[in-house]
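Here are my notes on this one, point by point. Have the model open while you read.

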Amino acid sequence: MSAAVRPYAAVDLGASSGRVMVGRVGPDSLELTEVHRFPNRPVRVPEGLRWDILGLYAGVLDGLRAAGDGPASVGIDSWAVDYGLLDADGALLGNPVHYRDRRTEGVAEKVWASVPAEELYAATGLQYAPFNTLYQLTAARGTAQLAQAGRLLLIPDLLTYWLTGEQGTELTNASTTQLIDPRTRDWSHTVAERLDIDLSLFAPLRQPGDPAGELRPEVLEETGLAGPVPVTAVGSHDTASAVAAVPATDERFAYICTGTWSLAGLELDAPVLTEESRAANFTNELGLDGTVRYLRNIMGLWLLQECVRAWGDPDLGALLLEAAKVPALRSVVDAGDAAFLAPGRMPERIAEACRVSGQPVPGSPAEITRCILDSLALAHRGAVEDAQRLAGRSVDVVHIVGGGTRNALLCQLTADACGLPVVAGPTEAAALGNVLVQAGVRGQAGGLAGMRRLLTRTQLLTRYEPRGGTRRWEAARARLARD
């Protein structure tokens with residue numbers, strides 16, 4: 001390995017699995033290797049749905065042990081909104097609650113009674129989602145756990161604390177709590193006061209690139225790494241890291257981060273806080289280098305993942321080949337509908353949604369899969385169109401990053417639906433963004449523009465041109481709007 005090439009360990013935690021990747025960065029090279037992958041299996045206990053945070057931490061340690069070669073730094077990113085509570089001694093008070101837990105049902109109305117939805121959006125710019133941290137904290141009010149808590153740490157910050165002994169709250173993830181003002185990039189004290197949320201529960205804010213401590217001696221001993229090994233705050237919300245890894249050549253692009261969720265939108269210099277934006281359910285989350293991730297949450301490949309699980313995990317490649325033969329846009333559902341948020345019986349729920357809306361009811365796995373992919377592409381089209389209109393910015397290309405880049409049918413359908421070329425890749429965008437923030441701090445890759453130039457030169461990208469015009473997609477969207 002050249003002296004100019006340095007290794008970085010990226011811990012990237014998704015809703016269904018975690019992985020530790022080693023990225024090797026040089027002046028004109030960027031290579032990513034998966035050294036350890038482990039499952040992320042939520043557990044249903046009498047109190048509700050919980051994350052197995054100890055299992056995740058064990059997976060992180062195993063991954064760091066497998067990383068070898070003394071990484072120049074370690075960074076952690078994960079899904080957003082969820083958190084762990086610590087007591088006054090720094091000990092964890094129970095397993096973190098899963099965002100799909102039912103405890104936040106009906107909580108939004110209680111919040112809006114104190115801060116109307118319009119005022120909440122104008123202050124924080126965050127779209128309504130029932131699992132936002134603000135609603136979780138409201139649901140937890142009066143519980144013994146929250147009463148005993150001395151500190152709240154979002155998931156990547158909690159794992160960083162266990163690695164280093166130092167506490168912080170990374171900004172890109174904090175912006176998903178619905179307690180950050182996207183204009184000041186600081187806490188919204190007014191919202192917190194009106195909702196009786198104690199902001200002193202949160203550790204001090206960190207920016208991507210800030211130091212987050214060094215691996216504790218006990219961690220070094222357990223992983224076999226030679227210290228000191230610094231830990232760097234990255235874009236710890238996995239979407240922030242993924243958007244940082246979009247290989248765009250200029251600002252005229254839309255992005256879709258695909259995986260369990262589809263996050264579709266634009267990268268802006270300032271938030272869009274209009275009432276029209278709120279009504280369209282767009283969110284303003286914070287990104288690297290002062291950017292705003294202006295996007296809409298779409299249910300994503302969760303719909304297909306749940307169906308595949310219900311069908312006994314058939315061969316996905318063969319299933320997609322069969323789905324490609326099914327007539328296009330025969331039936332579609334609203335891929336942003338909260339009715340699909342909970343796990344279980346997904347094929348039946350999709351079929352029922354089609355039945356209720358008067359459309360042909362998909363029956364076979366191939367038909368249901370095609371319905372899902374057409375519906376996702378249609379939702380992608382809606383988000384890209386609406387984002388351009390609301391932000392007053394036009395785009396020439398759509399970049400798809402994340403796990404959905406492996407799904408060629410979804411990428412082509414998205415190009416067809418949007419009437420724009422789609423550039424798919426990289427697949428491991430969150431891990432690459434994680435690595436590149438670490439490298440940038442150490443004088444490699446530069447800022448966001450430099451990161452993207454390096455990605456464009458080094459990553460495998462696939463281009464999909466739109467086919468067949470967008471009229472049939474317009475008709476499908478109109479049909480769905482009438483249902």
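How many residues of each class, nonpolar, polar and charged, does the lining of the second largest pocket have?

1. The lining has 16 nonpolar, six polar and four charged residues. Here Ala, Val, Leu, Ile, Met, Phe, Trp, Tyr, Cys and Pro count as nonpolar, Asp, Glu, Lys and Arg as charged, and the others, Gly among them, as polar. Before going on: this is a predicted model, where local features need pLDDT of at least 70 and side-chain atom pairs pLDDT 80 or more, while totals for chains, interfaces and linings use all residues. Numbering runs from 1 along each chain as its sequence is written, and side-chain values use heavy atoms, with hydrogens and water left out.

2. That pocket holds about 570 Å³ of space. Arg 296, Asn 297, Asp 334, Ala 335 and Gly 336 are the closest to its centre, out of 26 lining residues. Helix α15 gives the most to this lining, with five residues; β18 (292-298) and α19 (471-482) each supply at least two. (Pockets and cavities come from a 1 Å grid over the protein atoms alone: a 1.4 Å probe fits in a cavity but cannot get out, whereas a pocket is an open set with protein on both sides within 12 Å along at least five of seven lines; lining residues have an atom within 4 Å of a point. A volume is the space filled by probe spheres set on the points, which are joined across faces, edges and corners.)

3. α15 (residues 365-391) turns up again in the largest nonpolar core, giving the most to it with twelve residues. This core has 129 residues, and Leu 159, Leu 163, Leu 303 and Ile 350 have the most contacts inside it. (A core is a set of buried Ala, Val, Leu, Ile, Met, Phe, Trp, Tyr and Cys residues joined through side-chain atoms within 4.5 Å; buried is under 20% relative accessible area with a 1.4 Å probe, protein chains only. Helices, H or I of at least four residues, and strands, E of at least two, are DSSP runs numbered from the N terminus.)

4. Four cavities of 30 Å³ or more are present. The largest has about 80 Å³ of space, and Ile 76, Asp 157, Thr 160, Thr 232 and Ala 233 are the closest to its centre among 13 lining residues. α6 (155-164) gives the most to that lining, with three residues.

5. The second largest cavity, about 60 Å³, has five nonpolar, one polar and four charged residues in its lining, including Arg 330, Glu 367, Arg 370 and Asp 374.

Technical notes:
Buried < 20%, exposed > 50% of the residue type's maximum accessible area, 1.4 Å probe, protein only.
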